[in-house]
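The following exercises are to be worked with the sequence and the three-dimensional model at hand. Each task is followed by a solution in steps.

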Amino acid sequence: MQKTFTPKAVKSTERKWYIVDATDKVVGKLATRVADALRGKDQPTFTPHMDMGAYVIVINSDKVRFTGKKLEDKVYYRHSGFKGGIKAETAASVMEKNSKKVIVEAVKNMLPNNKLRKHFLAKLKVFKGAEHTHEAQKPVSLEI
């Protein structure tokens, strides 16, 4: 009788640290690869209901690129909760103000909308420049 293998939750699991250079990378392709690494979908022990993923550091978030006319046409919405409280910003204005938000939002929308999402996003570290504060973890390069 065959049984399906289900990995058990282990508190002492050593998680990998990956680093991604976002220079001249397309936002969607970058976010897809980062979301898979955060969830652990690239691991043979992937389990949908458990956090089995790695930590991901994204550097040079200000040098990421959009395809086509998305820089002018893509709109980011937020709502204050009051009537008529919707705010809209184009991708170009968001890139000028805070380029980290573009990557975080893209990755966030590619993660499952459940209680694990905040745990996955806590393992995502995005930096505007080439320097980051996680050298002690010895991150390995993740190819996109």
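**Exercise 1.** Determine in which helix Arg117 lies, whether Arg117 is buried or exposed, and with which residues Arg117 is in contact.

*Solution.* Step 1: Arg117 belongs to helix H5, residues 117-122; helices (H or I, at least four residues) and strands (E, at least two) are DSSP runs, numbered from the N terminus. The model is a predicted one, in which local features need pLDDT of at least 70 and side-chain atom pairs count only at pLDDT 80 or more, whereas totals for chains, interfaces and linings use all residues. Residues are numbered from 1 along each chain as its sequence is written, and side-chain values use heavy atoms, with hydrogens and water left out.

Step 2: The relative accessible area of Arg117 is 16%, so Arg117 is buried; the term buried means under 20% relative accessible area, exposed over 50%, and partly exposed in between (1.4 Å probe, protein chains only).

Step 3: Apart from neighbours within four places in sequence, Arg117 is in contact with Lys108, Leu111 and Pro112, where contact means heavy atoms within 4.5 Å. The side chain of Arg117 also reaches the backbone oxygen of Lys108 at 3.3 Å.

Step 4: Asp51 is 66 residues from Arg117 along the chain, and their C-alpha atoms are separated by 9.4 Å.

**Exercise 2.** Establish the order of the strands in the open sheet and describe the pairing of E2 with E1 and with E5.

*Solution.* Step 1: The open sheet has 4 strands in the order E5-E2-E1-E6, with parallel pairing; two strands pair if DSSP finds at least two bridges between them. E5 and E6 stand at the edges with a single partner strand each, so one side of each has no neighbour in the sheet.

Step 2: E1 (residues 17-21) and E2 run parallel and are joined by 5 bridges. Within this pair, Val20 stands opposite Val58 of E2. From E1 the chain passes through helix H1 (residues 27-39) to E2, a β-α-β crossover that is right-handed, the criterion being that, with the strands pointing away from the viewer, the path from the first strand over the helix to the second runs clockwise.

Step 3: E2 and E5 (residues 124-126) also run parallel, joined by 3 bridges. Here Val56 stands opposite Leu124, and Val126 is the bridge partner of Val58.

Step 4: Strand E2 (residues 55-59) is mostly covered, with 4 of its 5 residues buried.

**Exercise 3.** Identify the buried residues of helix H4 and explain why they line one face of the helix.

*Solution.* Step 1: In H4 (residues 99-110), the buried residues are Ser99, Val102, Ile103, Ala106 and Val107.

Step 2: Viewed down the axis of H4, these residues fall within an arc of 120°, and therefore line one face of the helix; the arc is that of the directions from the helix axis to the C-beta atoms. An α-helix has 3.6 residues a turn, so residues three or four places apart point the same way.

Step 3: The buried residues of H4 pack against H1, E2, strand E3 (75-79), helix H3 (91-97), H5 and E5.

**Exercise 4.** State which residues touch the most other members of the largest nonpolar core.

*Solution.* Step 1: A nonpolar core is a set of buried Ala, Val, Leu, Ile, Met, Phe, Trp, Tyr and Cys residues joined through side-chain atoms within 4.5 Å. In the largest core, of 29 residues, Leu30, Val34, Val56, Val58, Val107 and Leu124 touch the most other members.

Step 2: E1, H1, E2, H3, H4 and E5 each supply at least two residues of this core, and H1 gives the most, with 7 residues.

Step 3: Not counting residues up to four places away in sequence, Val107 touches Ala31, Val34, Ala35, Leu38, Leu121 and Leu124. A second, separate core has 5 residues, among them Trp17, Ile19, Ile57 and Ile59.

**Exercise 5.** Give the location and the accessibility of Asn60 and of Lys138.

*Solution.* Step 1: Asn60, although not a glycine, has a positive phi of about 60°. Asn60 lies in the loop between E2 and helix H2 (70-73) and counts as buried at 7% relative accessibility.

Step 2: Lys138, a residue other than glycine, has a positive phi near 50°. The loop between E5 and strand E6 (140-141) contains Lys138, which is exposed, with a relative accessible area of 67%.

Key:
Polar contact = N/O pair within 3.5 Å; in protein donor to acceptor, adjacent residues only side chain to side chain.
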